[in-house]
Every structure is written in structure tokens, then in C-alpha cells.
Amino acid sequence: MVERIRSDSPVLVIGLGRFGAACAGELDRLEREVLAIDESLELVQKWSERVTHTVQADARNIDALKQIGAQEFQVAVVAVGSSIEASVLITANLVDLKVPQIWAKAVSQSHGKILARVGANHVIYPEREAGERVAHLVSGRMLDFIRFDDDFVLAKMYPPKFIRGVGLNESGVRSKYNVTVVGVKSPGKPFRYAEANTVVTNHDLIIVSGTNSDIERFAALDR
């Protein structure tokens, strides 16, 4: 039976570049205990006031990882991306130290495959995902866009004309376009869950869910 990892388990973040620092900083803001390490003393000093625990160490050296207690962590994030060799070696070291959950940043598909084969439980492609998201936003049809692994998409947009002024059940949005309006935001008010009788106005924003192709088709409708 696989041991379940507690949601408040301390997190080891390796690499304090932009991605690693953002990850460590947000975890710290969420009041998770974080130990962030980097071989650069300059980066460690830079982030020492924003992250609770920062240490200078070379994670490519398994003995250095042992000295900082890496083997005691349940979760680790390998945020090193500039050197593929270093990220693979660090991931392998964490596997050897039996860290149960390893998240590793990849800069390419081939890099990600190597990380997964070495033992990373989760491979992250931040640059690719950011690029895909921006591509959807620059068209001006969507205000925000999140795609999940199984081609499930959440998008924020202005509502097409045909669903304005009528209840969502009357508009037939789901049967016609195979997307679901899950939330509505009126000016000056928080988002609310959409219901069958929810009426969307000209000034509202909507959150819709569906497959990537269905969301794209729906977003292209006349506004």
C-alpha cells in the first residue's frame, strides 16, 4: 500500500531560479514549511528574507543532500532546468534517498522522459505550458486559460451573444457546443457557481469547461 503524503508535509525546493523561487515563495506564503537550496550563495542570500529556510548546497552531491536532511522530506521539487545533466543527477539522488514524491522541471520532452525514467513522479513543463496559455490569450477571445493533462480546459471569457439574457438551460450551450458554464462574475461581485436558470448579462464574465477543441470553437462565437 502506497503511503499517503500529508498535505502539510515540508517541501524541499532545489534551485532558486525564477521557477524555484516562485514555487518556494508561494509555498511559504501558504504556510508550508520549506527548505530551499541552491549552489549559488548570491541566490540563497537574495531569497533568505522571503523563504523561511534557505541553504547553500550542491544537490548534485548526494552527501550534501544527506547533510541537509533531504532524506527526511516527503516532497521535493527539482527546479533546476538550465542544466539537464544536473537536474537528472539531482532527481536520481532524491530517488536514492527514497524521497516519496518528486516534482521535476523539464525544458523539453526528451528531458522530461529521462526525468520520469530516473524516478520523478511528476514532470513539469513550465515554459511550454506558459507558451500554450499565452497563445490562447493573444487571440483576445479568452481572458484566462488553464489546460489539464487529459485535454480538459477551464477558460475565462466574455459570453457569446446567444447565451446573454436567457437562462443557461434555454441557451442550450451544453447540447450545442459540448461546453459547461461553471461560473459567472458580474461587475463588482465575486464569482458564483452557474446553475441551469442562471441568466448571463452583457457585462458578465463566464468560466467554461470542456475539451480544448470545444472551448476554442465556443470562444470563436460572435460576441
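This report describes a strand and its neighbours, a set of aromatic contacts and the division of the chain into domains.

The model is predicted, and every value given below was computed from it. The chain is divided into two parts by the assignment, domain 1 covering residues 9-124 and domain 2 covering residues 135-218, and the C-alpha centres of domain 1 and domain 2 lie 37 Å apart.

**Strand β4 and its partners**

Strand β4, made up of residues 75-78, is covered on both of its faces, since V75 and V77 on one side are buried and A76 and V78 on the other side are buried as well. In a regular strand, side chains alternate between the two faces of the sheet. Strand β4 pairs with strand β1 (residues 11-14) in the parallel sense over 4 bridges, and within this pairing the bridge partner of L12 is A76 in β4. Strand β4 is also joined by 4 bridges to strand β5 (residues 101-105), and these two strands likewise run parallel; here V75 stands opposite Q101 of β5. Between β4 and β5 the chain passes through helix α4 (residues 84-96), and the β-α-β crossover made in this way is right-handed.

**Aromatic pairs**

What is the count of aromatic pairs? The count comes to 4 aromatic pairs, and the table lists two, including their geometry.

| Pair | Centre to centre | Angle between planes | Class |
|---|---|---|---|
| F148 and F152 | 5.9 Å | 45° | tilted |
| F162 and Y177 | 5.3 Å | 45° | tilted |

In the pair of F148 and F152, F148 has a relative accessible area of 38% and is therefore partly exposed, and F152, with a relative accessible area of 35%, is likewise partly exposed.

The pair of F162 and Y177 can be placed in the fold as well: F162 lies in the loop between β8 (152-157) and α7 (168-171), whereas Y177 belongs to helix α8 (residues 173-177), so the pair ties together parts that are 15 residues apart in sequence. Are these two residues buried or exposed? F162 is partly exposed, with a relative accessible area of 28%, while Y177, at 18% relative accessibility, counts as buried because the cut-off for buried is under 20% relative accessible area. F162 and Y177 also belong, together with F218, to one aromatic cluster.

Technical notes
Residues numbered from 1 in each chain as written. Predicted model: local features only at pLDDT ≥ 70, side-chain atom pairs only at ≥ 80, totals over all residues. Heavy atoms only, no water. Buried < 20%, exposed > 50% of the residue type's maximum accessible area, 1.4 Å probe, protein only. Pairing = 2+ DSSP bridges. Right-handed = clockwise from strand over helix to strand, strands pointing away. Phe/Tyr/Trp six-rings, centres within 6.5 Å; stacked < 30°, edge-to-face > 60°. Domains from an automatic or database assignment.
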